[in-house]
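Q: Can you walk me through the ligand site in this one?
A: Sure, here it is.
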Amino acid sequence: MSALKGVQCLVTAGPTYEAIDPVRYIGNRSSGKMGIAIAEELSHRGAQVTLILGPSSISVPESIGKIIRVESSDEMYQAAVKVWSGCQLGVFAAAVADYKPKEVANQKIKKLGDTISIELVKTSDILQFIGKSKGADQILVGFALETQNELENAKQKIAKKNLDMIVLNSLNDKGAGFQYDTNRITLIDSENKITKFELKTKREVAIDIVNSIESKYFS
Ligand code: CTP
């Protein structure tokens, strides 16, 4: 029997859409596949999973107990803060927008001048906020998507967001990352232990991640 049986888990996945006006938004290319695969693997091991999912067209397996669908970073933030207090494990795989339009137009913006500027303001960093209030019995796993100084940047995120483990995705690997079915990850824990994995399907990557979490923190 898995040591994760009955463990309350929060998983975030997918992109966020930040509204510009009633018909337009700023988004990103995240499919949500990686986070959904992790939520599915945790569920297979008997964990009680709440998946907070940004706008994703991927079908979600029925085995995942509870799904909260959100659109914007603000909605994801509010849902995550509510769910997190009752959880022992959080895996934050969502590709949350770092910036959102300062103002959302009530009406569709008409085509007028040759150029247009949209002022953007920072979104709340959900993982950082949750990391700050992390209890002694809570385990927090984040993701980092880097294109340069990968290990250094990922290690900094562990400290800044008070994480127990970070999953480093490199966009430099062919076939890995957004929109692909495969991924190549490196796991780094808060004691600086680095484990590199081969290019695998996201399903297999999810098993590697959950194996590492289970053996290090729940066995
Ligand atoms: N994250 C989050 N809320 C945000 C931004 C990021 O919860 N507003 C989480 C992601 O789900 C991921 C981790 O923080 O687990 C790292 O996200 P990433 O975009 O790589 O890092 P940032 O902190 O946004 O830094 P930068 O974009 O400068 O690399």
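A: The chat below covers the ligand and its pocket.
A: Before that, the model is predicted: local features need pLDDT of at least 70, side-chain atom pairs count only at pLDDT 80 or more, and totals for chains, interfaces and linings use all residues. Residues are numbered from 1 along each chain as its sequence is written, and side-chain values use heavy atoms, with hydrogens and water left out.

Q: Which residues come nearest to the ligand?
A: Phe 92, Ala 94, Phe 143, Lys 157 and Lys 161, out of 16 around it. Being near takes a heavy atom within 4 Å.

Q: What is the class split in that shell?
A: The shell has 9 nonpolar, 3 polar and 4 charged residues. Gly counts as polar here.

Q: Which polar atoms lie by the ligand's oxygen atoms?
A: A side-chain atom of Asp 98 is 2.9 Å from a ligand oxygen. Backbone atoms also take part: Leu 127 at 3.0 Å and Leu 145 at 3.4 Å. A polar contact is a pair of N or O atoms within 3.5 Å.

Q: How much of the ligand does the protein cover?
A: The protein covers 77% of the 570 Å² that the ligand has accessible on its own. Areas use the Shrake-Rupley method with a 1.4 Å probe.

Q: Which element gives the most to the shell?
A: β9, with 4 residues. Elements supplying at least two each are α3 (126–132), β9 (139–146) and α4 (150–161). Helices are DSSP runs (H or I) of at least four residues, strands (E) of at least two.

Note on methods: A polar contact is a pair of N or O atoms within 3.5 Å; within protein, one must be able to donate a hydrogen and the other to accept it, and residues adjacent in sequence count only if both atoms are side-chain atoms.
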